[in-house]
Each structure stands twice: as C-alpha cells, then as structure tokens.
Amino acid sequence: MSVYQDLMETKANKGAGYLVLIDPDRWSLDQVNGFVQQINTSGADAIMVGSSLILGEDLQKKMKRIKEVAELPVILFPGNLSQLSPHVDAVFYLVVISGRNPQFLIGDQVQGAPMVKEMGIEPMSTGYMLIESGRVTSAEFISGSKPIPRDKPEIAAVHALAAEYMGFKFVYLEAGSGAKYSVPPEMVYAVSRYSKVPIIVGGGIHTPEEAATLVKAGASFIVTGNVLENGENGQLMKQFAAAIHTK
Ligand code: 1GP
C-alpha cells in the first residue's frame with residue numbers, strides 16, 4: 001500500500017491522523033533512536049522529518065536511523081533540495097502556493113523531480129500555505145513569501161480550491177514551526193467547506209484540545225513538532241493521538 005493510501009485509510013478509519021515532526025537539528029544521532037521508539041508506541045500515524053533550515057551534521061545518518069527504528073511510515077518534509085533522502089518512504093512534494101516566489105512554485109520541484117525518481121520515494125503533491133502567526137517564522141523568511149493574513153480565511157479557501165483543481169493530494173495550512181498562534185479554526189473550517197482536498201494543519205499547536213478543535217473545524221491531519229522537544233513526551237503524544245482520532 002502506498003503511504004498516500006495509508007494516510008487516506010487513517011483519515012477514513014480514525015476521523016483524522018496524527019503526524020509527529022522530527023526536526024533533525026533538535027536531536028543527536030543517539031537521541032533520535034529513543035524519540036522514534038516513543039513515537040512508535042504513541043498512537044501517531046506517521047513520522048515527518050525535515051525543517052526549513054538544517055544546520056547540523058549527520059542529516060543523512062539521522063534519516064537512515066529514523067527509518068531503521070520507525071514502525072510507521074516516514075515522510076520527508078523538505079525545506080530544500082538538500083534534504084532529499086532515500087531513507088524515507090514518501091515525500092510531501094511541497095509547492096508554496098500562498099507565495100509568488102518562482103523557486104518554490106516550480107524551480108525546486110523541477111530540480112527535485114529526477115532526484116525523487118532516482119531515490120524511488122513516493123511523491124505526494126502538497127499545496128503549502130503559510131498563514132500569518134504573530135511573528136516572522138523561518139518558513140516565511142526562507143521561502144521569501146508573504147503569509148496569508150490570519151483574518152482572511154477566504155484567501156486560504158480559494159488557494160485550496162485552486163490546489164484541488166490542479167490535482168494536489170493535500171493542502172498544508174502552516175503557521176510555521178514554533179508559531180506564536182496556530183492556524184485559526186475559522187480558516188480551517190472555511191477551507192474544508194470550500195474544497196475537498198484533505199487538510200494538514202501544523203505550526204504552534206501546543207495542546208491536545210487545540211488539536212481537537214482543528215479536527216472539528218475540518219483538519220484531516222495534525223502535525224506537532226516543537227511541543228515534543230522537551231524531554232519526556234510519550235504521554236503527551238498519546239493525549240494528542242486520542243484527541244485527534246475522533247472515530
Ligand atoms: C512546522 O507545522 C510544523 O512546519 C510543526 O510546527 O514545530 O510548531 O509544532 P511546530
């Protein structure tokens with residue numbers, strides 16, 4: 001079964017899916033083992049790996065280690081082409097549709113296509129939208145694109161409809177890692193009413209209650225990253241999974 005089919009089954013059977021994001025810079029090669037083991041038993045549905053900017057060494061070694069230890073699908077969430085890796089099952093093939101920067105609309109996608117083919121990883125086209133979240137995030141700065149104002153749900157909705165008409169498999173509403181405010185539920189609701197594309201929501205989600213509200217508003221997948229980077233977090237992941245799995 002493809003990772004896409006697996007995610008769609010998760011959505012159908014559990015109501016929504018929980019994706020745990022690993023930023024490789026936040027974990028040493030040894031630490032990442034333990035974290036992946038925790039994720040395996042947390043009730044999460046898949047592991048995402050990547051960041052808008054990675055400074056640390058050993059990226060490919062960490063990816064390999066994550067894939068070896070993971071008992072869940074591993075999905076690359078690439079900030080740029082240098083993060084492409086054969087040590088994943090699939091890649092969110094991101095297009096920053098909220099921006100107008102040609103590098104992130106088609107340039108990198110063309111450069112990356114033969115690499116993804118050669119690596120044999122599954123591409124899942126994803127219309128990625130940056131949503132204003134109270135401060136300039138790394139994703140916004142690095143992508144050189146303006147976020148959608150958080151009080152303009154209709155702008156996000158029409159971008160999602162365009163993504164649907166262009167055949168994208170997902171849209172990703174992104175407040176940015178460590179965002180001050182997560183994506184407003186009103187925006188998720190507007191997008192889910194206007195377009196049929198499954199919605200991934202991430203950035204600045206701190207509590208299971210917040211995640212549950214976003215699922216109720218229409219999110220199909222919830223991503224948490226930062227909130228799990230402070231030591232013991234197995235219990236918190238279980239709480240997130242329970243809040244997100246509404247069926
Ligand atoms: C960032 O949406 C993800 O790309 C997760 O964000 O690290 O704030 O949870 P956080």
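**Exercise 1. Which backbone nitrogen lies 3.1 Å from a polar atom of the side chain of Ser195?** Place Ser195 in the fold, and list what surrounds it.

*Solution.* The model is a predicted one, in which local features need pLDDT of at least 70 and side-chain atom pairs count only at pLDDT 80 or more, while totals for chains, interfaces and linings use all residues. Residues are numbered from 1 along each chain as its sequence is written, and side-chain values use heavy atoms, with hydrogens and water left out.

Step 1. Ser195 sits in the loop between H7 and S7, where helices (H or I, at least four residues) and strands (E, at least two) are DSSP runs numbered from the N terminus.

Step 2. Its relative accessible area is 5%, so Ser195 is buried; buried means under 20% relative accessible area, exposed over 50%, and partly exposed in between, with a 1.4 Å probe and protein chains only.

Step 3. The nitrogen asked for is that of Val197, 3.1 Å from a polar atom of the Ser195 side chain. A polar contact is a pair of N or O atoms within 3.5 Å; within protein, one must be able to donate a hydrogen and the other to accept it, and residues adjacent in sequence count only if both atoms are side-chain atoms.

Step 4. Not counting residues up to four places away in sequence, Ser195 touches Ala160, Leu161 and Glu164, contact being defined as heavy atoms within 4.5 Å.

**Exercise 2. Describe the surroundings of Glu122, and say which backbone nitrogens its side chain reaches.**

*Solution.* Step 1. Glu122 belongs to strand S5, which covers residues 122–130, and it counts as buried because its relative accessibility is 19%.

Step 2. The side chain of Glu122 has a polar atom 2.7 Å from the backbone nitrogen of Val3, and it also reaches the backbone nitrogen of Tyr4, at 3.0 Å.

Step 3. When neighbours within four places in sequence are left aside, the residues in contact with Glu122 are Ser2, Val3, Tyr4, Asp89, Ala90 and Val91. Of these, Asp89 is 33 residues from Glu122 in sequence, yet the C-alpha to C-alpha separation is 6.4 Å.

**Exercise 3. Two loop residues, Asn101 and Asp58: locate each, and state what the model shows for it.**

*Solution.* Step 1. Asn101 is found in the loop that runs between strand S4 (90–96) and helix H4 (102–119). A polar atom of its side chain lies 3.0 Å from the backbone nitrogen of Gln103, and the side chain of Asn101 also reaches the backbone oxygen of Ser143 at 2.9 Å. Apart from neighbours within four places in sequence, Asn101 is in contact with Ser143 and Gly144.

Step 2. Asp58 is placed in the loop between strand S2 (46–49) and helix H3 (59–69). Although Asp58 is not a glycine, its phi is positive, at about 65°, and with 33% relative accessibility it counts as partly exposed.

**Exercise 4. Work out how helix H8 is packed: which of its residues are buried, and how do H7 and H9 lie against it?**

*Solution.* Step 1. In H8 (residues 208–217), the buried residues are Pro208, Ala211, Leu214, Val215 and Ala217. They pack against helix H7 (185–194), strand S7 (199–202), strand S8 (221–224) and helix H9 (234–244). After H8 comes Gly218, with a positive phi near 130°.

Step 2. H7 and H8 pack with their axes 8 Å apart and at an angle of about 25°, the axes being lines fitted to C-alpha atoms, for helices over the stretch in contact, with angles from 0 to 180 degrees between N-to-C directions. H7 is therefore roughly parallel to H8, a label for angles under 35 degrees. Pro185, Val188, Tyr189 and Ser192 of H7 make the contact with Thr213, Leu214 and Ala217 of H8.

Step 3. The axes of H8 and H9 come within 8 Å and cross at roughly 20°, and these two helices are therefore roughly parallel to each other. Here Pro208, Ala211, Ala212 and Val215 in H8 meet Leu236, Gln239, Phe240, Ala243 and Ile244 in H9.

Step 4. On the H9 side, the buried residues are Gly234, Met237, Phe240, Ala241, Ala243 and Ile244, and their cover includes helix H1 (3–14), strand S1 (17–22), helix H2 (29–40), H8 and S8.

Conventions
Angles under 35 degrees count as roughly parallel, over 145 as roughly antiparallel, 65 to 115 as roughly perpendicular and the rest as oblique.
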